[in-house]
Amino acid sequence: AGRGGMGVVGADDAAERLTELILAACSEVVGPELSRQVLALPKERARASPKASAGGADYRCHAPVTVFRKLDAMTRASHDATGADAPEPPAPPTEPGTMRASRRPDGAIDVVVVSALGVARHRTYADATQIADAVIEAMDPRALSELVADVRVELPPPDAPRGGSGGAGRPDHPAARL
């Protein structure tokens, strides 16, 4: 038995298993390299929620927000490097497990991920909630149901501050959590 979070024996094990499911699903959504990079950070892994004892979620995961921020930074850096107003997106990747991200004129991020079988999947994300929704959809439902009864994407409160330096209060960076 692990150190139980929130007084529950085995909670650490459940959080680790949930993180593994999130990693597998996130790898389908944005590719394995970015997924591993983000979920290697302790604060991005599934963890017991401090609101669990008050009837809130048992676990939280901030990884979709960080994934979106990293995609945002990657696409801004490539846009800034070209200096173009509407750069041509690079050619889609062809190697299994690879990912390419590019920014659309409307600010959304196009992501192309090549599956292990060589199939390119094209998706567009306007914000972190869309990435969180895609991760939830990609999760193995049977394995997920063994750990949790309900999964939700948490939006920031309507009165959350907007603007600033790109934090969770920005309209394109809602506080999405699994």
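How many helices and strands are in the protein? There are five helices and five strands. The model is a predicted one. The legends below start with the whole chain and then move to close-up views.

**Figure 1. Overview of the predicted model.**
Along the sequence, the elements follow the pattern α-α-β-β-α-β-β-β-α-α. The protein has 178 residues, and buried residues make up 39% of them. About 9900 Å² is exposed. Carbon and sulfur atoms supply 53% of that area. Among contacts with a separation of 6 or more, 51% link residues 24 or more positions apart.

**Figure 2. The two sides of helix α2.**
Helix α2 covers residues 32-39. Its buried residues are L34, S35, V38 and L39. Seen down the helix axis, these residues fall within an arc of 115 degrees, so they line one face of α2. E33 and R36 lie on the other side of α2, and both are exposed.

**Figure 3. The β3-β4 hairpin.**
Strand β3 spans residues 99-103. Its pairing with β4 is antiparallel and runs over five bridges. Within this pairing, A101 stands opposite V111 of β4. Five residues separate the two strands of the hairpin. In the turn, G107 has a positive phi of about 95 degrees.

**Figure 4. Strand β4 and its hairpin with β5.**
Strand β4 covers residues 109-114 and is mostly covered. Five of its six residues are buried. Strand β5 takes in residues 120-125. β4 and β5 pair in the antiparallel sense over six bridges. D110 has T124 in β5 as its bridge partner. This hairpin has five residues between its strands. G118, in the turn, has a positive phi of about 90 degrees.

**Figure 5. D140 in the loop between α4 and α5.**
Helix α4 is 128-138 and helix α5 is 141-145, with D140 in the loop between them. D140 counts as partly exposed because its relative accessibility is 40%, and partly exposed covers the range between 20% and 50%. A polar atom of the D140 side chain lies 3.2 Å from the backbone nitrogen of R142. What separates the C-alpha atoms of D140 and A24, 116 residues apart along the chain? The distance is 8.8 Å.

**Figure 6. The E16-R45 salt bridge.**
Side chains of opposite charge can pair when their charged atoms come close. The count of salt bridges comes to nine in this model. In one of them, the side chains of E16 and R45 meet at 2.5 Å, N to O. E16 lies in helix α1 (residues 11-30) and R45 in the loop between α2 and β1 (47-48), so the pair ties together parts that are 29 residues apart in sequence. E16 is partly exposed, with a relative accessible area of 33%. R45 is also partly exposed, with a relative accessible area of 23%.

**Figure 7. The E146-R17 salt bridge.**
Here the side chains of E146 and R17 meet at 3.7 Å, N to O. E146 belongs to the segment after α5 and R17 to helix α1, so the pair ties together parts that are 129 residues apart in sequence. Are the two partners exposed or partly exposed? E146 is exposed, with a relative accessible area of 51%. R17 counts as partly exposed, at 33% relative accessibility.

**Figure 8. The E44-K43 salt bridge and a network.**
E44 forms a salt bridge with K43. The closest N and O atoms of the pair are 3.8 Å apart. Is each partner buried or exposed? E44 is buried, with a relative accessible area of 0%. K43 counts as exposed, at 56% relative accessibility. In a separate view, D72, R76 and R103 are joined into one network by salt bridges that share partners.

Notes: Residues numbered from 1 in each chain as written. Predicted model: local features only at pLDDT ≥ 70, side-chain atom pairs only at ≥ 80, totals over all residues. Heavy atoms only, no water. Buried < 20%, exposed > 50% of the residue type's maximum accessible area, 1.4 Å probe, protein only. Helix = DSSP H or I, 4+ residues; strand = E, 2+ residues; numbered from the N terminus. Arc of directions from axis to C-beta. Contact = heavy atoms within 4.5 Å. Areas by Shrake-Rupley, 256 points an atom, 1.4 Å probe, with all protein chains shown as cover. Polar contact = N/O pair within 3.5 Å; in protein donor to acceptor, adjacent residues only side chain to side chain. Pairing = 2+ DSSP bridges. Salt bridge = Lys/Arg side-chain N within 4 Å of Asp/Glu carboxyl O.
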